Amino acid sequence: MLRFDVTHALPFLPQDWLTGRLDALGRAQDQLLKGSGAGGEFTGWVGLPAAVDQAQQAALERAARTIRDQSRVLVVIGIGGSYLGARAMLELLTSPNYNLLCRDTPQVFFAGNTLSPDAVTELLDYVAEKDFSVNVVSKSGGTTEPAAAFLLFRQLLEKKYGREGARQRIFVTTDPRAGSLRAWAEEAGCATFAIPPDIGGRYSVLTPAGLLPLAAAGVDVAEMLSGAAQAQKNLSRPGPDNPAWQYAAARQALYAGGKGIELLGCYEPHFRFFGEWWKQLFGESEGKQGQGIFPACVELTADLHSMGQYIQEGSRNLFETVVRFARSRTACPLTVQAGDELAFLRGQDLHHVNEQARRGTLLAHVAGGVPNLLLTAGERSAYWAGQLVYFFQFACGLSGYLSGVNPFDQPGVEAYKANMFALLGKPGHEARRQSLAEAGLV
Ligand code: PA5
């Protein structure tokens, strides 16, 4: 089980940080489990790990094998929750250098998360000479960034393999019924996978949105799901010992005490994109109605040499949450000659050195006025990654309900789209275009 340690935040917390929130946590837990709170229609992820659709899972494994057999490159097209979870898990469980290191599995590139012509052209050029497949992921099926990228990659596939060949290389992950992408895929006869209607983008990594590209890359998705199922079981027990209750309560108490920024850190570079996934999870779930903890992340120890000064001595409105892996996968003993300036490290393993850096940093940051929360997982494995995903999703739901918001909508994301569509002249956006014109912006 994940271990949550609040000890190094206690000096900054009022005595009743947890006891004062037990009633509210009990209600929040109930709402999450029953789907009876705000946005309850999007809480399908709560029971998902223990109720995996085995037929869909088998079809997903078959599709992953097909992708591996027919392609050297998989292009995963999606944005936000339809992209970050897959990339986070891929980098955490393989390597940020996966594309250089993979041998029997395809390289995986992510597209459709930008409108930069340079970025998409560079990837189109790279795959043009290689056998490749495309997994387009969009719950709504209508998001502009992935739609534009899909158009370009589909045209390249059709040019390279013909219509029928392209059809066999396109894998569509979207809503089971709604949306133009679903309609297109059924018309074209492509392989399709469903993101359940009751699971929103940033809670969808354990659906085919995350699982198909991960399985294609050789990640043990069954182990991930089993870790998540274990966390589901652990966290379904209400009470002050529940680590998700403690994390949600500590965050909200620190926020109430003026700590408006949470820095998520980890001493593994493999964790960097997990931080990006986590930022979206908490930022989009809680940042509304003029409130919310600002989620940021740091990669340690690298960022101690860039952000360390600020964390130690800058504005005292931060708290840190560190994810720690108790064991490293590899042993890396340091051989140092006597008399060398690094002689004090002789015979030590690099994991031990990393741990002392973590402990030293924790003591320094706490002394500098930065409360620290610590979450320990066993190791960097699919099982523990599944536990981490479920833990953060569940704690985010609780924390959102504690702060009185709907953690499952994202009304603010629409604002830029309305302006962009008006500026691009999309039908239906004439009134906004007119008001932009009147303000001299068109
Ligand atoms: O969490 C969310 O719902 C969003 O981040 C979406 O995942 C993102 O906007 C992409 O949407 P879609 O999957 O519909 O293309």
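**Entry 1: the largest pocket**

I started with the lining of the largest pocket and sorted it by class: eight nonpolar, 12 polar and seven charged residues. I reminded myself that I am working with a predicted model.

Next I looked up how much room there is, and the volume of the largest pocket came out at about 670 Å³. I found 27 lining residues there, and those nearest the centre are Ser140, Thr143, Gly201, Gln410 and Lys417. I then asked myself which elements give two or more residues to this lining. They are helix 6 (144-167), helix 11 (272-286) and helix 15 (414-424). Helix 15 supplies the largest share, with four residues.

**Entry 2: the ligand**

Where does the ligand sit? I checked, and the space the ligand takes is the largest pocket itself, the one I had just been exploring.

I looked around the ligand and found 13 residues, with Ser82, Ser138, Ser140, Thr143 and Gln280 coming nearest. Ser140 and Thr143 were already in my notes, as they are among the residues nearest the centre of the pocket. Sorting the shell around the ligand by class gave me one nonpolar, nine polar and three charged residues.

Then I went through some polar contacts, one at a time:

- For Ser138, I found a polar side-chain atom 2.6 Å from an oxygen atom of the ligand.
- For Gln280, I found an N or O atom of the side chain 2.5 Å from a ligand oxygen atom.
- For Arg202, I had to look at the backbone: one of its N or O atoms lies 2.9 Å from an oxygen atom of the ligand.

How much of the ligand does the protein bury? On its own the ligand exposes 380 Å², and I noted that the protein buries 88% of that area.

**Entry 3: the cavities**

I turned to the cavities next. Rolling a probe the size of a water molecule over the atoms shows where empty space is left. My search of the whole structure turned up three cavities of 30 Å³ or more, and I wrote down about 80 Å³ of space for the largest cavity.

Which residues line the largest cavity? I listed Cys266, Tyr267, Glu268, Val323, Arg324, Phe325, His351, Asn354, Glu355 and Arg358. Strand 9 (318-325) and helix 13 (350-367) are the elements that give two or more residues to this lining. Helix 13 has the largest share, with four residues. By class I counted four nonpolar, two polar and four charged residues in the lining of this cavity.

**Entry 4: two spots in the backbone**

I finished with the backbone. Is the peptide bond from Leu300 to Thr301 cis or trans? I looked up omega, which is near 10 degrees, and the bond is cis. Thr301 belongs to the loop between strand 8 (294-299) and helix 12 (308-313).

My other stop was Gln289, where phi is positive, at about 55 degrees, although this residue is not a glycine. I located Gln289 in the loop between helix 11 and strand 8. Helix 11 was a name I knew by then, as it is one of the elements giving two or more residues to the lining of the largest pocket.

Notes. Residues numbered from 1 in each chain as written. Predicted model: local features only at pLDDT ≥ 70, side-chain atom pairs only at ≥ 80, totals over all residues. Heavy atoms only, no water. Near = heavy atom within 4 Å. Polar contact = N/O pair within 3.5 Å; in protein donor to acceptor, adjacent residues only side chain to side chain. Areas by Shrake-Rupley, 256 points an atom, 1.4 Å probe, with all protein chains shown as cover. 1 Å grid on protein atoms, 1.4 Å probe; cavity = no way out; pocket = protein on both sides within 12 Å on 5 of 7 lines; lining within 4 Å. Sits in = over half its atoms within 2 Å of the grid points. Nonpolar A, V, L, I, M, F, W, Y, C, P; charged D, E, K, R; others polar. Points joined across faces, edges and corners; volume = space filled by probe spheres on them.
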